[in-house]
Amino acid sequence: MAEKKERSSLEIRNEFTPVEYDSKYILMVNALKKYFPIKDGLIAHTVGYVKAVDGVTFNLERGTTMGLVGESGCGKTTCGRTILRLAGEKTGGQVLFNGQEVYDLSAKEMRALRPKMQIIFQDPFSSLSPRLPVGEIIGEAVREHNLVPAKEFDDYIDDIMDKCGLQPFHKDRYPHEFSGGQRQRICIARALALNPEFVVCDEPVSALDVSIQAQIINLLKDLQEQFKLTYLFISHDLSVVEHISDSVGVMYLGDLVEYGSTDNIFSNPLHPYTEALFSAIPIPDPDAKMKRIVLEGSIPSPANPPSGCKFHTRCARCTERCKHETPCQHEVEPGHYVVCHLYDQ
């Protein structure tokens with residue numbers, strides 16, 4: 001039985017049509033899949049797979065920000081890490097960065113590409129080494145990749161820290177001596193120091209107070225404008241995503257169920273899951289009546305997802321077809337895509 005599952009896992013690598021590179025996109029993700037094996041028994045047979053990312057497709061234009069939203073456990077973070085090749089080998093699909101298939105690169109080629117693709121982690125404290133001073137944390141990778149001459153190193157780090165709202169005397173301090181907002185600035189400076197083109201922001205403000213969140217969001221926007229950065233912004237906070245993003249993707253149980261411009265997604269959500277998600281956004285008006293859509297049940301296990309549409313077990317508009325047939329992606333309006341049988345032509 002285990003051998004049969006292993007063969008089916010290898011076969012899914014070819015279940016997509018390769019796309020041709022379009023130079024206006026810095027990142028093209030096509031049918032990306034990342035499965036984690038479930039081991040059991042004394043000799044650790046593979047008895048199944050956790051389908052963390054299951055066929056995600058989107059394109060990201062240069063200098064823009066794409067928000068990636070969804071409930072906890074839907075695969076947002078795994079998607080971002082898989083794009084950066086930080087989660088081991090992909091299971092299937094394509095990841096084109098500036099026209100290069102990231103997973104076709106050798107170790108030496110990938111090392112050369114690393115500075116151009118960076119990540120800002122959710123928890124700034126656990127992602128910073130407690131044994132290194134801030135100046136070394138920010139400059140360690142700069143020195144490793146020989147980005148600036150040795151005689152210009154200190155001035156370069158001072159300049160990066162200044163751009164991120166940090167002072168030169170902070171270089172000799174350690175992470176535990178800073179507040180949460182300052183630690184996140186250190187993480188941003190560490191990513192910015194490598195002169196990246198693309199940055200995955202993995203819930204960079206979720207652990208911060210609201211006032212500090214605004215400062216970090218404004219810093220990210222200022223740096224994007226100054227350095228022409230491209231962001232993939234992963235978050236639970238829909239109001240933050242609406243503020244910072246040019247486009248939005250909505251994930252559910254490993255699938256990208258809706259994708260489009262921020263204006264289209266927020267003004268005209270099409271997928272029933274997107275409608276329910278957006279109905280939970282608080283309205284800053286005590287007299288306004290919220291039409292909250294409450295989803296029944298819990299998210300199914302990604303190790304054993306439902307057949308057909310994965311959302312059908314919680315969808316009030318589910319039909320018999322949804323239970324057995326997997327929906328395809330439809331472009332309902334220019335640039336606005338939805339994966340739902342309700343929009344079949």
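**Exercise 1. Place H170 in the fold and decide how covered H170 is.**

Step 1: H170 is buried, at 6% relative accessible area. Buried means under 20% relative accessible area, exposed means over 50%, and partly exposed is in between, using a 1.4 Å probe and protein chains only.

A quick word on the model before going on. It's predicted, so local features need pLDDT of at least 70 and side-chain atom pairs count only at pLDDT 80 or more, while totals for chains, interfaces and linings use all residues. Residues are numbered from 1 along each chain as its sequence is written, and side-chain values use heavy atoms, with hydrogens and water left out.

Step 2: Find the stretch of chain. H170 is in the loop between α5 (153-163) and α6 (180-192). Helices (H or I, at least four residues) and strands (E, at least two) are DSSP runs, numbered from the N terminus.

Step 3: List the neighbours. Skipping residues up to four places away in sequence, H170 touches V134, M161, F178 and Q182. Contact means heavy atoms within 4.5 Å.

**Exercise 2. Do the same for Y174, which is also found in the loop between α5 and α6.**

Step 1: Check the exposure. Y174 has a relative accessible area of 30%, so it is partly exposed.

Step 2: Look at the contacts. Leaving aside neighbours within four places in sequence, Y174 is in contact with P130, R131, L132 and P133.

Step 3: Try a long ruler. The C-alpha atoms of Y174 and C322 are separated by 54 Å, and the two residues are 148 residues apart along the chain.

**Exercise 3. Describe the eight-stranded sheet and the helix α7 that packs on it.**

Step 1: Write down the strand order. The open sheet runs β6-β7-β8-β3-β9-β10-β12-β11, with mixed pairing. Two strands pair if DSSP finds at least two bridges between them.

Step 2: Find the edges. These are β6 (117-120) and β11 (329-333), each of which pairs on one side only.

Step 3: Add the twist, which averages 20° from one strand to the next.

Step 4: Zoom in on one pairing. Strands β3 (residues 65-69) and β9 (residues 247-252) run parallel and are joined by four bridges. V69 has V250 in β9 as its bridge partner.

Step 5: Put the helix on. Helix α7 (residues 210-227) touches β3, β6 and β8 (230-234), and its direction makes about 155° with that of β8. For such angles, axes are lines fitted to C-alpha atoms, for helices over the stretch in contact, and angles run from 0 to 180 degrees between N-to-C directions.

**Exercise 4. Sort out the aromatic pairs formed by F58 and Y259 and by Y252 and Y273.**

Step 1: Know the tally and the rule. The whole structure has eight aromatic pairs. Rings of Phe, Tyr and Trp (its six-membered ring) pair if their centres lie within 6.5 Å; planes under 30 degrees apart count as stacked, over 60 as edge-to-face and the rest as tilted.

Step 2: Classify F58 and Y259. They sit 6.4 Å centre to centre with 40° between the planes, a tilted pair. F58 is in strand β2 (residues 45-61) and Y259 in strand β10 (residues 255-261), 201 residues apart.

Step 3: Check how covered they are. F58 is buried at 2% relative accessibility, and Y259 is buried with a relative accessible area of 12%.

Step 4: Classify Y252 and Y273. Their ring centres are 4.8 Å apart and their planes are at 55°, so this pair is tilted. Y252 is in strand β9 and Y273 in helix α10 (residues 272-279), 21 residues apart. Both Y252 and Y273 are buried.

Step 5: Look for a cluster. Ring pairs link F58, Y259 and Y337 into one.

**Exercise 5. Work out how covered helix α2 is, and what follows it.**

Step 1: Count. Six of the eight residues of α2 (residues 76-83) are buried, leaving the helix mostly covered.

Step 2: Name them. The buried residues are K76, T78, C79, G80, T82 and I83.

Step 3: Step past the end. Just after α2, R85 takes a positive phi of about 60°.

**Exercise 6. Give the overall picture of the protein.**

Step 1: Count the elements: 10 helices and 12 strands.

Step 2: Get the cover. Buried residues make up 48% of the 345 residues.

Step 3: Look at the box. The C-alpha atoms fill roughly 70 × 60 × 45 Å along the principal axes.
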